[in-house]
Amino acid sequence: MNNNHITGAEAMLQSLLKEKTDTIFGYPGGAIMPIYDKLFNRKHQINHILVRHEQGAAHAAQAYAQVTGKTGVCFATSGPGATNLITGITNANLDSIPVIFITAQVASAFLGTDAFQETDMISLSMPVTKWNFQVTSADEIPDAIAKAFYYANTGRPGPVLIDITKDAQLGETTFNYKRIKSIRSYNPHPALRDSDVKEALRMISASKKPLLLAGHGILLAKATRQLEAFIDKTAMPVAVTLLGKSAVNEDSLYYTGMLGMHGNYGPNVLTNEADLIIAAGMRFDDRVTGNLEKYATKAQIIHIDIDKAELNKNVKAHLPIHADIKDFLEKITPMISFKTNETWLNQFRVLNNTEKEKVIDRECSPNNGKIRSGEIVQMISKKTMGNAIIVTDVGQNQMMGARYYHYKSPNSFITSGGLGTMGFGLPAAVGAQVGQPNKTVVLLSGDGGFQMTMQELGTIFQYNLPVKMVILNNNFLGMVRQWQQLFNNKRYAETNMPTPDFPMLARSFGIESGLVHERAELDNAINTMLNHQGPYLLEIKIEKEANVFPMIYPGKAVDEIVLEDIAM
């Protein structure tokens, strides 16, 4: 055991190393300078990525955590540095991603005096963190870090924040680090009850039209292999939520598509025909359920979630199971003898073929007119053989990335789900590429979202990260414009957006770039981008007023999903 007498700043870094932290995303400042000074001596142990804005650090740390399965770590100084993290903290909280946010604070003697760059981060972050704590003494640092990692990674994962005063960083302590194995009154791993498994077996056996809904919890629990075994044994149709994308290999015979507002036709319509729904690690978000009063009207519902608060919150379950989804699948799969009727599976195929004919073929193989997003994403999917990590921003580009890329590997779709944060994409692509340096990382972004965090081009340039950036440019805030077209009589209030010369902007950062105006240029341009050894930005001018369909209109039921706007 190491009993060195060291400063709090050194204790912070040694604690992170004890938790096997090898990468930190951050931005220095006055209050956190003692930590950065000690970090200077540990460049051989800890890789620090200097972002261009603290929000970028938060999103990068989240994506890094998602693609590596490790815990993201993020540094920011006091005041504006810390407050700039709030959006990223909230994003990680709603999407249940383990990230440790370490913010500096003024010296403890100045707390509550409105000192320069003082902000009460404990109060600000409390609603959007799983746990937070203010350190005012060097002696508190090891225990605070140990608790932070334990809280962030157990149960339903999530972000935590540690706010450390400057005097705690400069003070001395005898370093003694002990990893946390349990915390009184906190039970992150509920025991799976045999009676629940028995009842689930009975309900499945009695079912004629079952449907499994796979959410982000499958990925968080690292249960993709267990899910595959379950659906292969039962031949049960499976649909995924937006954040559940990549939880199921889309080559599977039983994969029926994505749920929700812009999901696939079959699983949405047949949700209201199913007699049993197994909700696996998902929370029945409003974008999935549509009108709750008309949702799953014929089905009994088994809902398995590690967070008890999600059970019976939005949709009342006939069998709520408070357990880890991985435990449930490992327990029930060897015991089950059920096989789904082929007639039921064919109903999904028939409806999805209708969608292919009326929506997908038109989107991906248009006969004329401007380039459409779907054909771009499908082309990238084929050229990368479904093996890239796709990072999206938020809006139409996000839906197209979810709908038209063919995902084969877990955690290969990175997006902002619960918060829907425009500007997420570019810094998240940084984190994904840092986390998986040997993988092809493709960013799909709209022109609006890209401009929110485009300063992170500087980070990509500094570290020569080979991110492939695709800007789908329609000179609109596309998703808002779609709603204005459909529901506000084409009153495009403040959604028409002139944009800079993106390729020139990239070149100003030393990044190679290209521009596509015509469909005939598209194939070669994407090949050039994907084959380029370093970072590359490709701007593609797309159809200005193209919409994302299918769509469940506000207030409508999932089986009222439409394939095209009848008023168009």
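This passage describes the domains, two sheets, one pocket and one cavity of a predicted model.

The domain assignment divides the protein into domain 1 (5-174), domain 2 (194-348) and domain 3 (371-545). Taken over C-alpha atoms, the centres of domain 1 and domain 2 are 37 Å apart. Nine residues from domain 1 and eight residues from domain 2 take part in the contact.

One open sheet consists of six strands in the order β11-β10-β9-β12-β13-β14, with parallel pairing. Because β11 and β14 (319-322) stand at the edges with a single partner strand each, one side of each is left without a neighbour in the sheet. From one strand to the next, the twist averages 15 degrees. Helix α9 (residues 194-205) packs on this sheet, where it touches β12 (276-280), β13 (300-305) and β14. The direction of α9 makes about 140 degrees with that of β14. Within the sheet, strand β9 (residues 210-214) runs parallel to strand β10 (residues 238-240), and three bridges join the two. L213 stands opposite A239 in β10.

A further open sheet is formed by six strands in the order β16-β15-β17-β18-β20-β19, and here too the pairing is parallel. The edge positions are held by β16 (413-414) and β19 (512-516), each of which pairs on one side only. Strand β15 (residues 389-392) and strand β17 (residues 441-446) run parallel and are joined by four bridges. I389 stands opposite V441 in β17. Helix α23 (residues 522-531) lies across β17, β18 (468-473), β19 and β20 (536-541). With respect to β20, α23 runs at about 160 degrees.

The second largest pocket holds about 710 Å³ of space. This pocket is lined by 27 residues, of which E250, Y255, N264, I360 and H406 are the closest to its centre. Two or more lining residues come from each of β11 (255-258), α15 (342-364), α16 (373-384) and α17 (396-404). The most is given by α15, which supplies ten residues to the lining of the second largest pocket. By residue class, the lining of this pocket divides into ten nonpolar, nine polar and eight charged residues. Domain 2 (194-348) and domain 3 (371-545) both give residues to the lining, and the second largest pocket therefore lies between them.

A search of the whole structure for cavities of 30 Å³ or more finds one. The space in the largest cavity is about 40 Å³. The residues that line the largest cavity are Q66, H216, L219, L243, K245, S246, N411, F413 and I414. At least two residues of this lining are supplied by α10 (216-220), and at least two by β16, a strand that also stands at an edge of its sheet. The lining of the largest cavity comprises four nonpolar residues, four polar residues and one charged residue. Domain 2 (194-348) and domain 3 (371-545) each contribute at least three residues to the lining of the largest cavity. Both domains also give residues to the lining of the second largest pocket.

Notes
Residues are numbered from 1 along each chain as its sequence is written. This is a predicted model: local features need pLDDT of at least 70, side-chain atom pairs count only at pLDDT 80 or more; totals for chains, interfaces and linings use all residues. Side-chain values use heavy atoms; hydrogens and water are left out. On a 1 Å grid over the protein atoms alone, a cavity is a set of points where a 1.4 Å probe fits but cannot get out, and a pocket is an open set with protein on both sides within 12 Å along at least five of seven lines; lining residues have an atom within 4 Å of a point. Grid points are joined across faces, edges and corners, and a volume is the space filled by probe spheres set on the points. Ala, Val, Leu, Ile, Met, Phe, Trp, Tyr, Cys and Pro count as nonpolar, Asp, Glu, Lys and Arg as charged, and the others, Gly among them, as polar. Domain bounds come from an automatic or database domain assignment. Two strands pair if DSSP finds at least two bridges between them. Contact means heavy atoms within 4.5 Å. Axes are lines fitted to C-alpha atoms, for helices over the stretch in contact, and angles run from 0 to 180 degrees between N-to-C directions.
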